[in-house]
Amino acid sequence: MIYPKTYDVVVVGAGHAGVEAALAAARMGCQTLLLTMNLDTVGQMSCNPAIGGLAKGHLVREIDALGGEMGLNTDATGIQFRMLNARKGPSVRAPRAQCDKKAYQFRIKATCERQSNLDLKQGQIAALEVQGDRITAVTTTLGITYPTRCAVVTTGTFLQGLLHVGMKNQAGGRMGDGASGFSQHLRDLGFEIGRLKTGTPPRLNARNIDFSALQVQPGDEPPPLFSYVADTLVRGKDDLFTLNSFSGGMFHVEQLPCWITYTTPATHEIIRANLDQSPMFCGVIEGVGPRYCPSIEDKVTRFADKDRHQIFLEPEGRHTEEIYVNGCSTSLPFEVQYAFIRSIPGLENAELLRAGYAVEYDYCPPTQLHASLETKRVDGLFFAGQINGTSGYEEAAGQGLMAGINAARKAQSQDPVILGRDQAYIGVLIDDLVTKGTQEPYRMFTSRAEHRLLLRQDNADLRLTELGGAIGLASPLRVERLRAKQAAIAETRQTLQAEKVDRVPLAEWLKRPDFHWENLPPAWQAIPSEVAFQVETDIKYAGYIDREYAQIEKTRQVEEKPIPEWLDFDTVHGLKAEARHKLKTIRPRTFGQAARISGINPSDIALLLVWSKRGRAEASAGADS
């Protein structure tokens with residue numbers, strides 16, 4: 001059956017990448033379809049019920065600044081909020097929230113259901129209809145064909161997903177759900193396919209935990225929020241859960257604590273004695289796992305000198321006794337998990353509600369994508385999320401947002417939006433993926449961003465909301481607030497320069513490391529905290545910030561210089577075989593992107609620059625000679 005409606009954008013998969021892609025496309029005016037295997041798991045938090053963290057919190061604030069949904073949904077359903085690295089410099093501070101797992105899922109589903117221009121349908125993708133080199137439709141396993149101008153594939157861990165608990169395994173992209181054979185169709189279309197692995201820890205029943213033996217970890221007050229429009233949250237009479245809201249200018253949330261404990265030498269001994277039953281150590285799992293989020297088996301073997309590892313016990317919601325054991329990802333057999341969990345202080349009587357497990361799945365190496373996240377092989381087809389080799393809700397949502405934006409713009413015959421590495425962590429993420437690729441699950445860190453002092457979580461709106469408004473995604477309210485904030489910052493800085501104490505401008509006082517905003521005269525304390533923090537940070541770090549901008553400007557000429565489309569890498573004399581192969585595979589847009597490709601050195605870039613200056617005719621003649 002050919003469905004009677006033609007869509008501008010079809011989004012396949014309704015995880016964190018899929019919902020952001022679908023909402024973005026619909027909000028930009030495109031007729032959009034969100035197609036998922038199970039409508040009951042839209043936006044489900046498959047692993048940790050938390051959003052944000054180091055660098056990840058930056059991504060969420062950027063998603064929000066552009067007009068995405070993850071930050072607002074987190075503020076509405078969070079049960080604990082913290083600012084990580086609060087005592088360190090502003091570039092590495094990041095918000096993190098523990099969420100009510102089911103409330104998060106149900107609210108994001110309701111948001112999608114109520115979004116104009118967006119249809120939700122349950123169905124499993126079977127094939128992409130491609131005419132020439134352009135996508136024309138998406139077909140499901142039931143034989144329903146949805147005509148479309150563009151498609152965004154966000155299939156997560158479901159492509160040939162295989163779940164492992166000890167030596168037992170079963171097909172599935174998530175425990176309790178099935179797998180998809182769609183990756184074979186992608187292979188038939190000519191896409192390269194790889195294999196990755198990730199894992200999840202066991203879940204415990206809170207009734208059997210001795211919390212008196214644990215270190216409590218409360219949330220911050222006031223809670224550090226993600227969304228720049230969090231005050232628009234209201235409680236509806238039809239809410240299934242008690243959601244957080246603003247009332248009378250106050251944010252209402254009853255924060256729940258988390259707890260900290262540690263593994264013991266006994267824990268490590270149990271794990272070491274049973275490594276022969278771990279599918280990762282027996283060669284059963286083929287996929288490469290996340291190096292920066294290792295399993296407990298990895299920790300015990302790789303850090304054999306440590307006699308303990310930190311474990312966080314995190315509630316999964318207000319209406320459940322289920323506890324997530326963060327830091328204890330494992331694929332050991334159930335009976336081994338049961339034994340080593342009970343060797344941890346406070347968990348001596350613990351009961352496992354769910355076993356931890358590993359999941360391996362297919363992905364498409366992301367060097368097969370343009371910087372817009374459109375595939376190089378099929379026009380109008382975009383990939384986002386774990387299909388690109390990433391790990392984490394926030395990385396997936398950032399890609400989903402940009403894929404949705406660019407699919408919408410493609411359908412509307414507009415140029416793509418590509419964020420630079422000096423504009424956003426999202427720009428760093430996508431540039432890393434499409435330029436360098438990844439052979440392990442990619443996770444964002446602040447250290448990946450060379451301009452992280454400029455890409456702080458506190459200034460995401462100043463960097464991105466103007467762009468979000470220009471493309472029709474950020475609402476007029478967001479843009480209006482941005483303008484008001486910009487004006488307040490400018491006025492505050494001007495007044496600080498004019499007002500003096502001991503004939504020294506207050507702005508000069510703020511430059512001193514031991515002098516902070518609270519040391520200013522009382523009248524200054526009435527200035528909104530987000531304005532005060534922005535002004536103080538910009539003044540205190542002015543020298544470093546100016547140096548960053550100077551460096552960006554210095555490299556901009558080469559960074560943004562496009563590589564001519566006519567330039568044939570095979571004709572450039574002097575290029576090494578490795579360089580030529582990688583340039584032809586990745587097909588970088590600019591000389592700056594080419595310079596970041598692994599194996600490309602400065603002499604290769606110099607050759608390309610010289611060759612491009614010769615002009616098309618002269619370069620062709622030189623190649624023939």
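The following paragraphs describe two sheets, a pair of packed helices and three residues with notable backbone geometry in a predicted model.

One of the sheets is open and consists of 6 strands, which follow the order E14-E17-E18-E19-E13-E20 and pair in the antiparallel sense. Strand E14 and strand E20 (352-354) form the edges of this sheet, and because each of them has a single partner strand, one side of each is left without a neighbour in the sheet. From one strand to the next, the twist of this sheet averages 35°. Within the sheet, strand E13 (residues 203-205) and strand E19 (residues 322-326) run antiparallel and are joined by 3 bridges. In this pairing, Leu-204 is placed opposite Ile-323, a residue of E19.

A helix is found against this part of the model, since H8 lies across E13, E19 and E20 and runs at about 135° to E20. Helix H8 (residues 334-341) also packs with helix H6 (residues 265-273), at an angle of about 165° and with the two axes 9 Å apart. Angles over 145 degrees count as roughly antiparallel, and H6 is therefore roughly antiparallel to H8. The crossing that H6 and H8 make is right-handed. On the side of H6, the residues that take part in the contact are Thr-267, Ile-270 and Ile-271, and these meet Val-336, Ala-339 and Phe-340 of H8. Sorted by class, the residues in the contact of H6 with H8 comprise 5 nonpolar and 1 polar, with no charged residues. H8 thus has contacts of two kinds, with the strands E13, E19 and E20 and with the helix H6.

The other sheet is also open, and its 4 strands are arranged in the order E11-E10-E21-E12 with antiparallel pairing. Its edges are occupied by strand E11 (168-171) and strand E12 (194-200), each of which has a single partner strand, so that one side of each is left without a neighbour in the sheet. The twist in this sheet averages 25° from one strand to the next. The edge strand E11 is paired with strand E10 (residues 162-165), and the antiparallel pairing of these two strands extends over 4 bridges. Within E11, Asn-169 is the bridge partner of His-164.

Attention now turns to the backbone in the loops. The peptide bond that joins Glu-221 and Pro-222 is cis, with an omega of about -5°. Pro-222 belongs to the loop between strand E14 (215-217) and strand E15 (245-247), and the strand E14 that precedes this loop is the one that stands at an edge of the sheet of 6 strands.

Positive phi values are described for two arginine residues. Arg-503, although it is not a glycine, has a positive phi of about 65°. This residue is located in the loop between strand E23 (500-501) and strand E24 (504-505), and Arg-503 is exposed, with a relative accessible area of 78%. For Arg-587, which is likewise a residue other than glycine, phi is positive and near 50°. The loop that holds Arg-587 lies between helix H16 (577-586) and helix H17 (591-595). With a relative accessible area of 44%, Arg-587 is partly exposed, whereas Arg-503 falls in the exposed class.

Terms used: Residues numbered from 1 in each chain as written. Predicted model: local features only at pLDDT ≥ 70, side-chain atom pairs only at ≥ 80, totals over all residues. Heavy atoms only, no water. Axes fitted to C-alpha atoms, helices over the stretch in contact; angles between N-to-C directions. Parallel < 35°, antiparallel > 145°, perpendicular 65-115°, else oblique. Left-handed = near helix turned anticlockwise from the far one by under 90°. Contact = heavy atoms within 4.5 Å. Nonpolar A, V, L, I, M, F, W, Y, C, P; charged D, E, K, R; others polar. Buried < 20%, exposed > 50% of the residue type's maximum accessible area, 1.4 Å probe, protein only. Pairing = 2+ DSSP bridges.
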